[in-house]
Amino acid sequence: MANNAEIEFYDLMGLKLSGDATPEQLERLQQLMNEFPEFMTLYTHIENAGRLDSYPIEILEQSYASHYVKKRLLAPTEANYAPITSGKKHSFKIRNYFKYAAVLILLPLVGLAVYNLYEKNNTKHNTQGKFKNEVATEKGSKSKIMLPDSTMVILNSDSRLTYDEHFNKQSREVVLTGEAYFDVKYNKEKPFIIHTDKTKIKVLGTAFNVRNYPQEDIIETSLIRGKIELTFDDKKDNRVILNPSEKIIISKKGLSQNTTSKQNNREEDIFKLTRIVAEDSTIAELAWINNELYFVNKPLDLIARELERVFNTTIIFKNDVVKHYRYTIHSSNYNLEEILQIIKLSQNINYRFISKDTLIIE
Amino acid sequence: MKRELSDILYWQQQVAYYRDENAYKKLYFHFYSSLHRFAVAFIGDPEISEELVSDVMIRIWMMKEKLSNINRLDLYLFKCVRNAALAHINEKKSIIVQNTDEEHFDQMGYCHADAEINAKEISHRIESVVRRLPPQSQLVFRLIKDEGLSYKEVQSVMGISNNTIKTHIRIALKRIRMALEDVSGQRSNKQKIK
């Protein structure tokens with residue numbers, strides 16, 4: 001029920017805001033505002049409301065960090081190109097009984113073009129009973145996979161991902177040992193579920209990192225984008241939902257504790273929630289994807305285990321004390337010598353290679 | 001945005017011809033907030049919007065030298081995001097949902113601790129109203145008010161007529177006016193908000 005003056009005012013104000021108003025129009029606008037104080041008020045409020053600020057720098061950093069992961073994979077820079085499965089020990093096992101096995105092997109080498117090929121070949125041939133699809137990596141190499149639903153997975157060294165013929169029917173379920181970064185294709189109808197040791201991670205459409213190495217006592221999940229829900233096989237009542245930038249560290253020991261014991265199992269024994277931080281556009285938990293190593297105040301034995309996995313090298317400690325020395329290291333190219341040098345310089349530590357792929361720290 | 005045009009063009013050249021990662025990052029940081037808000041106004045979901053904007057920005061990188069041919073990168077990006085959003089809507093056949101649960105992105109730092117009307121409160125209310133506008137109206141208003149686009153530029157980005165733009169402005173301003181109705185004119189402090 002706006003009257004003519006009101007409509008005229010709105011039209012003129014719009015032109016003023018967009019910078020399109022002619023001098024005559026500006027004059028007329030002023031006239032209207034003089035005549036109707038409420039127009040003047042509205043005008044002032046809107047002018048003063050000011051331009052929306054840019055998002056806070058932390059949001060931008062976070063967003064850029066996960067964007068950069070995607071960009072690096074889909075459009076590697078021409079300089080410093082480090083393909084995901086490059087490296088001397090360029091081997092990975094693929095074991096399955098399905099026709100597109102050949103396509104999976106080609107995937108890391110041929111890149112994007114292969115994804116289309118993959119989708120075309122994915123006709124449901126095999127009806128002879130159950131089979132599993134498995135992608136596994138050895139130490140020293142990584143692998144990039146696209147699942148039948150277009151979800152992208154990057155497998156870190158010494159990891160395995162399996163799924164069966166029911167994948168992408170009612171749900172999308174996979175089993176993971178090791179470490180992988182998931183960029184899950186959005187599909188509200190078919191929940192994407194990752195099984196790790198006694199834990200299920202359910203997602204809708206989102207990007208996150210899961211770490212579940214058998215040698216480690218912890219399961220870690222870092223959420224970049226979206227929302228995920230974690231449930232525990234043995235503790236049906238516990239349910240955790242992660243929001244972006246949150247990270248959960250689950251203790252495997254805590255999970256397998258006997259629930260019949262009189263003691264109430266405290267939540268702190270099972271898991272801990274923290275945040276992930278993007279520093280200098282790098283998220284520590286995702287550094288491995290870009291062939292970077294990023295340790296923040298980690299003990300040397302943990303670092304050594306990671307180096308063993310990344311470089312397929314055995315590291316022996318002669319001296320137990322140094323295992324607890326803590327380091328913060330950010331290295332942007334996989335170079336074992338360089339990292340060892342850094343470690344050597346900062347504390348009184350020495351190392352030597354006793355064979356091509358074994359070294360001792362003392 | 002217009003006065004920084006020379007910076008943007010410079011970064012474009014750096015990315016197009018020198019594959020300059022720093023320049024690319026600057027472009028990303030410069031455009032992200034606007035593009036993301038734009039996408040959210042279309043499809044409602046902040047996470048999917050983030051993916052859409054990310055995909056558009058990857059395309060920018062992949063264009064290589066062709067990037068230097070674009071005169072108004074801001075308009076180009078808005079168009080890309082709009083197309084991506086429409087494609088997403090068609091794919092999902094979902095209704096455009098006005099996502100009022102945007103606390104996560106309401107990072108303006110407004111302090112509304114008490115009920116006292118002050119300049120920030122008004123800004124917050126206006127923002128609140130804008131967010132609840134019908135999607136097209138919200139988009140048009142934002143492009144004009146926040147991004148400083150002209151009517152012609154809005155026409156180009158949105159693919160709508162001048163009259164349609166006028167209509168959307170009328171809707172937006174009327175709603176804002178109604179929302180601010182109970183703010184009496186005794187607000188004398190007219191300090192400019194950054």
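Q: When do two strands count as paired in a sheet?
A: Two strands pair if DSSP finds at least two bridges between them. In this predicted model, three strands of chain A form an open sheet in the order β18-β21-β20, with mixed pairing.

Q: Which strands of this sheet stand at the edges?
A: They are β18 and β20 (351-355) of chain A. Each has a single partner strand, so one side of each is left without a neighbour in the sheet. Neighbouring strands of this sheet are turned by 30° against each other on average, direction ignored.

Q: In which sense do β18(A) and β21 of chain A pair, and over how many bridges?
A: The pairing of β18(A) with β21 (residues 358-361) is parallel and runs over four bridges. As one example, Phe317(A) has Ile361(A) in β21(A) as its bridge partner.

Q: Which strands does α9(A) touch where it packs on the sheet?
A: α9(A) touches β18 and β21 of chain A. The direction of α9(A) makes about 155° with that of β18(A).

Q: What sign does phi have in most residues other than glycine?
A: In most of them phi is negative. Asn312(A) is not a glycine, yet has a positive phi of about 55°. Asn312(A) sits in the loop that runs from α9 (300-311) to β18 (314-317) of chain A. In chain B, Lys64(B) is another residue other than glycine with a positive phi, near 55°. Lys64(B) belongs to the loop between α3 (46-62) and α4 (73-92) of chain B.

Q: Why does Asn312(A) count as partly exposed?
A: A residue is buried with 20 or more other C-beta atoms within 10 Å of its own, exposed with 12 or fewer, and partly exposed in between. Asn312(A) has 18 C-beta neighbours inside 10 Å, so Asn312(A) counts as partly exposed. Lys64(B) is also partly exposed, because its C-beta neighbours inside 10 Å number 14.

Q: How many helices and strands does chain B have?
A: Chain B has eight helices and zero strands. Its pattern along the sequence is α-α-α-α-α-α-α-α. Chain B has 194 residues, of which 36% count as buried. Of its contacts between residues at least 6 apart in sequence, 68% join residues at least 24 apart.

Q: Where in chain A does pLDDT stay under 50?
A: Where pLDDT is low, the predicted coordinates should not be read in detail. In chain A this score stays under 50 over residues 79-130. The model has 67 contacts beyond four places in sequence for that stretch. Chain A averages a pLDDT of 76, and 77% of its residues score at least 70.

Definitions and conventions:
Residues numbered from 1 in each chain as written. Chains lettered and ligands numbered in written order. Predicted model: local features only at pLDDT ≥ 70, side-chain atom pairs only at ≥ 80, totals over all residues. pLDDT = per-residue confidence, 0-100. Contact = placed C-beta atoms within 7 Å. Helix = DSSP H or I, 4+ residues; strand = E, 2+ residues; numbered from the N terminus. Axes fitted to C-alpha atoms, helices over the stretch in contact; angles between N-to-C directions.
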